[in-house]
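Biologist: Let us look at this protein together. I will ask, and you reason your way to each answer.

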Amino acid sequence: MSAASKTVSGSRTRRPAFATWVASLLAVMCGLVVTGCGGETVAADSDAVSRGSGVVTVGLITKTDQNPFFVAMADGAAQRAAELGVELHTFAGAFDGDWETQAAAVDELVALGAHGILITPSDPAALAPVIERARGRGVLVISLDTPFEDPETVDGTFATDNFAAGELIGRWAKARMEAADTEARIVTLDGYRAPISVDVLRNQGFLQGFGVDLNDAHERYDEDDPRLVTHGLTAGTTDGGRDAMAALLAEQPSVNVVYAINEPAAAGAHEALDALGLAADVLIVTIDGGCEGVRSVAAGAFGATAMQFPLDMARLGVDAVVDYVTAGTLPEPSPGRSFRDTGTTLVTDQPVSGIESITAETALEHCWGEQQS
């Protein structure tokens with residue numbers, strides 16, 4: 001079990017349990033003050049926002065630090081913390097799905113005296129009890145990116161409308177296939193077998209956008225549409241996307257539409273298709289909006305991606321904790337929603353009438369994760 005961490009604006013990057021002594025060893029080896037090579041410590045400003053005589057302390061817990069989306073989220077939180085003089089402690093699971101490390105990080109932040117915790121839950125159901133304990137200790141808890149099934153589990157959620165994002169790329173893909181007068185043979189490359197909310201919402205949104213009748217929008221794989229050929233699980237990684245796509249192609253080589261839960265999985269799928277000389281015959285759509293993904297749209301590897309805004313999620317989260325500490329206010333959801341919708345924009349160089357979109361060239365001015373290219 002391990003978690004990456006970093007200290008910004010007076011914060012100290014910490015790791016739960018076993019990872020703590022590993023971080024200390026690395027600090028000695030690298031001659032650094034903070035845990036982890038390449039970490040950074042910046043002293044809190046003298047005019048930092050505070051409650052009483054203490055600086056406001058915020059914890060950010062992401063699913064992993066290997067995905068550019070979560071790297072960008074951590075960058076956004078660090079930037080906002082520095083602007084406000086907030087002490088920020090960041091943690092990340094060793095892999096997407098490592099909820100145990102996330103739970104340990106929540107407990108450590110509570111013991112540390114954090115005023116607020118921002119978390120992208122790898123397994124919302126498994127994490128609900130530890131979140132309840134933290135809130136019982138007076139800690140504000142905000143979910144970022146991935147909602148809990150019961151929105152009341154946390155004090156607020158800042159996220160993409162994942163169903164709407166899936167529906168957007170589904171509508172676009174359907175229109176492209178109809179324009180080509182081609183019968184779709186669809187593969188969905190999802191994240192995990194467990195029904196994680198973001199996974200289910202994106203999958204079901206895509207299928208609805210494509211015109212597939214949903215038997216139960218809360219369940220995957222119960223549809224009976226003949227256009228749905230098969231599905232695979234990727235863990236949201238490039239390796240997972242490549243392996244799943246290669247295995248599915250061995251059984252279903254006539255696939256012509258691929259939906260992928262995120263851009264790393266989509267990139268892996270494209271690699272598998274390209275290795276077999278099939279990439280030009282398959283339309284890939286996905287969700288993220290990172291700079292690598294946008295460049296893949298520009299290169300023709302992806303037909304379209306739905307851009308998310310992880311930096312905004314993180315900045316809004318830090319602001320929410322400061323508002324809670326200084327004014328006692330709680331975050332408000334978007335009108336008619338149980339969460340604050342941080343927006344989605346379709347990115348494609350093949351626009352479709354009636355579906356608003358921007359080009360890859362324009363998207364490169366707004367994308368995140370440039371450092372991952």
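Biologist: Which element gives the most to the lining of the largest cavity?

Modeller: Keep in mind that this is a predicted model. Two elements give two or more residues to the lining of the largest cavity: helix 2 and helix 6. With three residues, the one that gives the most is helix 6.

Biologist: What is the volume of the largest cavity?

Modeller: The count comes to one cavity of 30 Å³ or more. Its lining has 19 residues, and Lys63, Asp96, Val198, Ile261 and Asn262 lie nearest the centre. The volume of the largest cavity is about 210 Å³.

Biologist: How many residues of that lining are nonpolar?

Modeller: The lining is mixed in character. Six of its residues are polar and six are charged. The nonpolar ones number seven.

Biologist: Turn to the rings. Are phenylalanine 69 and tryptophan 368 stacked or edge-to-face?

Modeller: The whole structure holds four aromatic pairs. In this one, the ring centres are 5.4 Å apart and the planes stand at 80 degrees. Planes over 60 degrees apart count as edge-to-face. So the pair of phenylalanine 69 and tryptophan 368 is edge-to-face.

Biologist: How many residues apart in sequence are the parts that this pair ties together?

Modeller: Phenylalanine 69 lies in helix 2, residues 68–84. Tryptophan 368 lies in the segment after helix 11, which spans 360–363. The pair therefore ties together parts whose separation in sequence, in residues, is 299.

Biologist: Is tryptophan 368 buried or exposed?

Modeller: Buried means under 20% relative accessible area. Phenylalanine 69 has 2%, so it is buried. Tryptophan 368 has 6%, so it too falls under the cut-off. Tryptophan 368 is buried.

Biologist: Which residues form one aromatic cluster with Trp368?

Modeller: Phe69 already pairs with Trp368. The cluster has three members. Besides Trp368, they are Phe69 and Phe70.

Biologist: Why are phenylalanine 206 and phenylalanine 210 separated by about one helical turn?

Modeller: Both lie in helix 6, residues 197–210. Their rings form a tilted pair, 5.9 Å centre to centre, with 45 degrees between the planes. Both residues are buried. They are separated by about one helical turn because their spacing in helix 6 is four residues.

Biologist: Last, the whole chain. What share of contacts between residues at least 6 apart joins residues at least 24 apart?

Modeller: The protein has 11 helices and 15 strands. Of its 373 residues, 53% count as buried. For the contacts you ask about, the share is 70%.

Note on methods:
Residues are numbered from 1 along each chain as its sequence is written. This is a predicted model: local features need pLDDT of at least 70, side-chain atom pairs count only at pLDDT 80 or more; totals for chains, interfaces and linings use all residues. Side-chain values use heavy atoms; hydrogens and water are left out. Buried means under 20% relative accessible area, exposed over 50%, partly exposed in between (1.4 Å probe, protein chains only). Contact means heavy atoms within 4.5 Å. Rings of Phe, Tyr and Trp (its six-membered ring) pair if their centres lie within 6.5 Å; planes under 30 degrees apart count as stacked, over 60 as edge-to-face and the rest as tilted. On a 1 Å grid over the protein atoms alone, a cavity is a set of points where a 1.4 Å probe fits but cannot get out, and a pocket is an open set with protein on both sides within 12 Å along at least five of seven lines; lining residues have an atom within 4 Å of a point. Grid points are joined across faces, edges and corners, and a volume is the space filled by probe spheres set on the points. Ala, Val, Leu, Ile, Met, Phe, Trp, Tyr, Cys and Pro count as nonpolar, Asp, Glu, Lys and Arg as charged, and the others, Gly among them, as polar.
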